[in-house]
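This briefing sets out what can be read from the structure shown below. Its points are grouped by topic for use at the bench.

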Amino acid sequence: MARVRKAAVIGAGVSGLGAARLLGDRYRVTVYEKADRPGGLIRCRNVAGSLFHLCGGHVFNSHRQDVLDWFWILFNRRSSFTKAERNSAIVLPDGSLIGYPVEDHIYELPEAVQRCCIRDFAARLTQDSAVVDGESFEHFLRRMFGDTLYTLYFRPYNEKIWRQPLSSVSVDWLDGKLPMPSAEDVFFHNFARREEDSFVHRTFWYPKSGGSQFLADTLAQGLDIRYNTRVGRIRCEEGKWIVQGDVYDVVVYTGNVRDLPRSVEGIDLSSFERPLSNLSFHGTTSVFCEIDPVPYTWVYLPSPAYDAHRIICTGNFSAGNDAPGKHTATVEFTGPMEKEEIEAQLVRMPFHPRFLDSHYNPCSYPVQHRRTRELIRSLKETLLPYGLYLTGRFADWEYYNMDAALGAAMDLSARL
């Protein structure tokens, strides 16, 4: 009888759970997770009867049909999910609200600003809207949307997130995340008062109860997951991998790739240690609040009057997310924040957010620079002959949404 091959998956976030399920028909899979429950960045907890998403607000949809097909095999769309329409807004520095995306709502701006935007977009009517390899994020935003919208919205909003000059950030991370409208599209959307409908989360599916924790718990069902187990070292020995004393044929690593050279024994990764340690990233302080009733799902905040960059109105994602009579949302800050500073900032923000709870996640935003993808690609090629594979937001160093993380796990499973 043929020997059953064994695979270790390190990390029970959405990437690790997806990889474990996808590999389960060919391997005996064991998942190692440092926390006491699954989910990683999509974990939630209950606060006074309302659902607190600990990092962001995770919803599901995808442009990839294979991801959709696989997902709906695992989940009952009719009984467990609700379909929602994205209703997003931008609060400008003067306190006025306009629709999102900003380029489709130029007609809501003051007349003088509208005229400047018209000149900006008229200048690029014949230009290509495609992303240019190696282009900086700043150059891309100025080229695509003009200096007026860059100064009013794109620069202040994104500098809050990335905490560095946008000229140093690569545009590569944007791939598939936002629509790339032509100047003609922008003019048409404003003339016709019609919003861009091609970006992936224009509509989305969301669990009726339990939020993204329900997704993680369902993906984890039936898997061999060893919780409260922090994997410090893995060793390659005679073509096998030793993880926590057990022997495996392959390892799928979904943790932070910066830690890999110090974690792996039996493979010389010393040449990668310095460039990996130089990778930039940010953590996120998610602040769970009661807010005034609003109709929005996401609210974007370019104003310099406070450090928060967005409000995620998770209470509007599903009726089951709020305790009776409550309206909740998550206010998101880049970097660590003490409670006193949080409360001092909340009073300056729109919709009167009132503090309920907070959570700091030290790793939420990987920052891509011009050679980041080349570095990760080279590392993967080095690890490939040994049976060590990377997938996940901080293993691939890609700013994945949940569906993109699942898609990457599917691609890895196909290669294996």
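Gly392 is buried in this predicted model, because its relative accessible area is 1% and burial means a value under 20%. Gly392 lies in the loop between β20 (388–390) and α12. The points below begin with the surroundings of Gly392 and then turn to helix α2, the salt bridges and the chain as a whole.

**Surroundings of Gly392**

- Once neighbours within four places in sequence are left aside, Gly392 is in contact with Ser15, Trp397 and Tyr400.
- Gly392 and Trp298 are separated by 94 residues in sequence, and their C-alpha atoms are 24 Å apart in space.

**Helix α2 and its packing**

- Helix α2 covers residues 65–74, and its buried residues are Val67, Leu68, Trp70, Phe71 and Trp72.
- The helices against which these buried residues pack are α1 (14–23), α3 (77–80), α7 (211–220) and α12 (402–415).
- The buried residues of α2 also pack against two strands, β5 (81–85) and β8 (203–207).

**Salt bridges**

- Side chains of opposite charge can pair when their charged atoms come close.
- The chain has 24 salt bridges, counted with a cut-off of 4 Å between nitrogen and oxygen.
- One of them joins the side chains of Arg5 and Asp249, with an N to O distance of 4.0 Å. This pair links distant parts of the chain, 244 residues apart: Arg5 is in the segment before β1 (6–10), and Asp249 is in the loop between β12 (246–248) and β13 (250–253).
- Arg5 counts as partly exposed because its relative accessibility is 36%, whereas Asp249 counts as buried at 7%.
- Arg26 and Asp25 meet through their side chains in a salt bridge of 3.2 Å, N to O. Arg26 is partly exposed, with a relative accessible area of 35%, while Asp25 counts as exposed at 63% relative accessibility.
- Arg233 forms a salt bridge with Glu265, in which the closest N and O atoms are 3.9 Å apart. The two residues are 32 apart in sequence and link distant parts of the chain, with Arg233 in the loop between β9 (224–226) and β10 (234–237) and Glu265 in strand β14 (residues 264–265).
- Both members of this pair are partly exposed: Arg233 has a relative accessible area of 48%, and Glu265 has a relative accessibility of 30%.
- Glu290, Asp292, Lys326 and Arg354 are joined into one network by salt bridges that share partners.

**The chain as a whole**

- The chain contains 12 helices and 20 strands.
- A compact globule of 416 residues would have a radius of gyration near 22 Å, and the value for this chain is 22 Å, so the two agree.
- The C-alpha trace spans about 75 × 50 × 40 Å along its principal axes.
- Of the 416 residues, 57% count as buried.
- Where contacts join residues at least 6 apart in sequence, 72% of them are between residues at least 24 apart.
- The accessible surface of the chain is about 18,200 Å², and carbon and sulfur atoms account for 49% of it.
- The chain carries 48 positive and 51 negative charges, and the mean positions of the two sets are 4 Å apart.

Definitions and conventions: Residues are numbered from 1 along each chain as its sequence is written. This is a predicted model: local features need pLDDT of at least 70, side-chain atom pairs count only at pLDDT 80 or more; totals for chains, interfaces and linings use all residues. Side-chain values use heavy atoms; hydrogens and water are left out. Helices (H or I, at least four residues) and strands (E, at least two) are DSSP runs, numbered from the N terminus. The radius of gyration is taken over C-alpha atoms; the globule rule is 2.2 Å times the number of residues to the power 0.38. Buried means under 20% relative accessible area, exposed over 50%, partly exposed in between (1.4 Å probe, protein chains only). Contact means heavy atoms within 4.5 Å. Accessible areas come from the Shrake-Rupley method with a 1.4 Å probe; for residues, only the protein chains shown count as cover. Lys and Arg count as positive and Asp and Glu as negative; His and the chain ends are not counted. The place of a charge is taken as NZ of Lys, CZ of Arg, CG of Asp or CD of Glu.
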